[in-house]
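Here's a quick walk through this model, from the overall fold to its helices and its empty spaces. Have the sequence and the coordinates open as you read.

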Amino acid sequence: MISSELFVNLCIFLFFVSFMIAIRIFLLQRLAHKYKWMSGIYASIVSTILMVYSVTYQQITYDLRFLPLILTVLYFGYKAGAVAGISMAVGSIYLESHWLLTILILIFTFLFSLPLIRYRKQFSLSIQTLLCFFIHFIAHVLLTSYFWNTPIQSPFYSEIEYLIFGILGLGVAVATIEFYRTFYAVAEEAAYAKSDSYKDKEDSFLSE
């Protein structure tokens, strides 16, 4: 089974999600919205690191490299996602012998996602996350299990493990990001209210 290797992948992925939040807090809080393409580059770096710690089971490579791409699309849009996808494909060419499979999964994931691209605003963030991952998972299963020339024996359990770790990773990552966004919004509102209160006191003092 591939549980232990995917758990390592999961820990690495969540560490880099937390690290990105720390970068945003201390360095890019005011500027991050202007440089969304940087998120695509960061996501591709994380994906490449996850590839290094991938596991091969019956000639099929398993890792969580697509999770940073999905998060980038959800939070920064499809232009940043395109940067992440292209960079990830280039990294796959240099790191893997079966790099064509990664590129095919990328292409078919994008094609299957076209309806979601148009109607994504009608769904909540959690539903969008699940839909994005299930679309990718379907493309992954179809290409690796049925269209890729690999002699796989009983791939069911490995695919289920990949599904579980993928959903777990995205769930924890989205929960962490949303907690930070909520906390930051509350802090900003409190700071704004405090500044208004101070301004009212100052105006009252000057008017006396």
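## Surface, helices and holes

The protein exposes about 12400 Å², and carbon and sulfur atoms supply 69% of that. Keep in mind that this is a predicted model. Of its 208 residues, 39% count as buried.

On the fold itself, there are 7 helices and 2 strands. Walk along the sequence and you get the pattern α-α-β-β-α-α-α-α-α. Take the contacts between residues at least 6 apart in sequence: 75% of them join residues at least 24 apart.

**Two helices, α4 and α5**

Here are their lengths, set beside what 1.5 Å a residue would give.

| Helix | Residues | Number of residues | C-alpha span, first to last | Expected span |
|---|---|---|---|---|
| α4 | 78-95 | 18 residues | 25 Å | 26 Å |
| α5 | 99-119 | 21 residues | 31 Å | 30 Å |

For α4, the end-to-end distance agrees with the expected one. Its buried residues are A80, G81, A84, G85, M88, A89, G91 and S92. What do they pack against? The buried residues of α4 pack against α2, α3 and α5.

Helix α5 also comes out close to its expected span, though there's a bend to note: about 45° at S113, with a proline, P115, following within four residues. S113 is itself buried, and so are L101, T102, I103, I105, L106, T109 and L116 of α5.

Let's stay with L101 for a moment. Is this α5 residue buried or exposed? L101 has a relative accessible area of 10%; buried means under 20%, so L101 is buried. Its C-alpha atom is separated by 7.7 Å from that of T144, although the two residues are 43 apart along the chain.

**T129 in α6**

T129 lies in helix α6. With a relative accessible area of 6%, under the 20% cut-off, T129 counts as buried too, so the call is a simple one. Which residues does T129 touch, leaving aside its neighbours within four places in sequence? T129 is in contact with L74, L170 and V174.

**The cavity**

If you're after enclosed space, the count comes to 1 cavity of 30 Å³ or more. The largest cavity has a volume of about 170 Å³. It is lined by 16 residues, and the closest to its centre are T61, R65, L101, T102 and I105. So which elements give two or more residues to that lining? They are β2 (60-62), α5 and α6 (125-147). Notice that L101, T102 and I105 are back again here: these α5 residues are buried, and they are among those closest to the cavity centre.

**The pocket**

For open space, look at the largest pocket, with a volume of about 530 Å³. Its lining has 22 residues, and M20, R24, Y75, F76 and I177 lie nearest the centre. Helices α1 (3-26), α2 (36-52), α3 (66-76) and α7 (156-207) each supply at least two residues of this lining. Which helix gives the most to it? That's α1, with 6 residues.

Notes:
Residues are numbered from 1 along each chain as its sequence is written. This is a predicted model: local features need pLDDT of at least 70, side-chain atom pairs count only at pLDDT 80 or more; totals for chains, interfaces and linings use all residues. Side-chain values use heavy atoms; hydrogens and water are left out. Buried means under 20% relative accessible area, exposed over 50%, partly exposed in between (1.4 Å probe, protein chains only). Contact means heavy atoms within 4.5 Å. Accessible areas come from the Shrake-Rupley method with a 1.4 Å probe; for residues, only the protein chains shown count as cover. The expected span of a helix is 1.5 Å times one less than its number of residues. The bend at a residue is the angle between axes fitted to the seven residues ending there and the seven starting there. On a 1 Å grid over the protein atoms alone, a cavity is a set of points where a 1.4 Å probe fits but cannot get out, and a pocket is an open set with protein on both sides within 12 Å along at least five of seven lines; lining residues have an atom within 4 Å of a point. Grid points are joined across faces, edges and corners, and a volume is the space filled by probe spheres set on the points.
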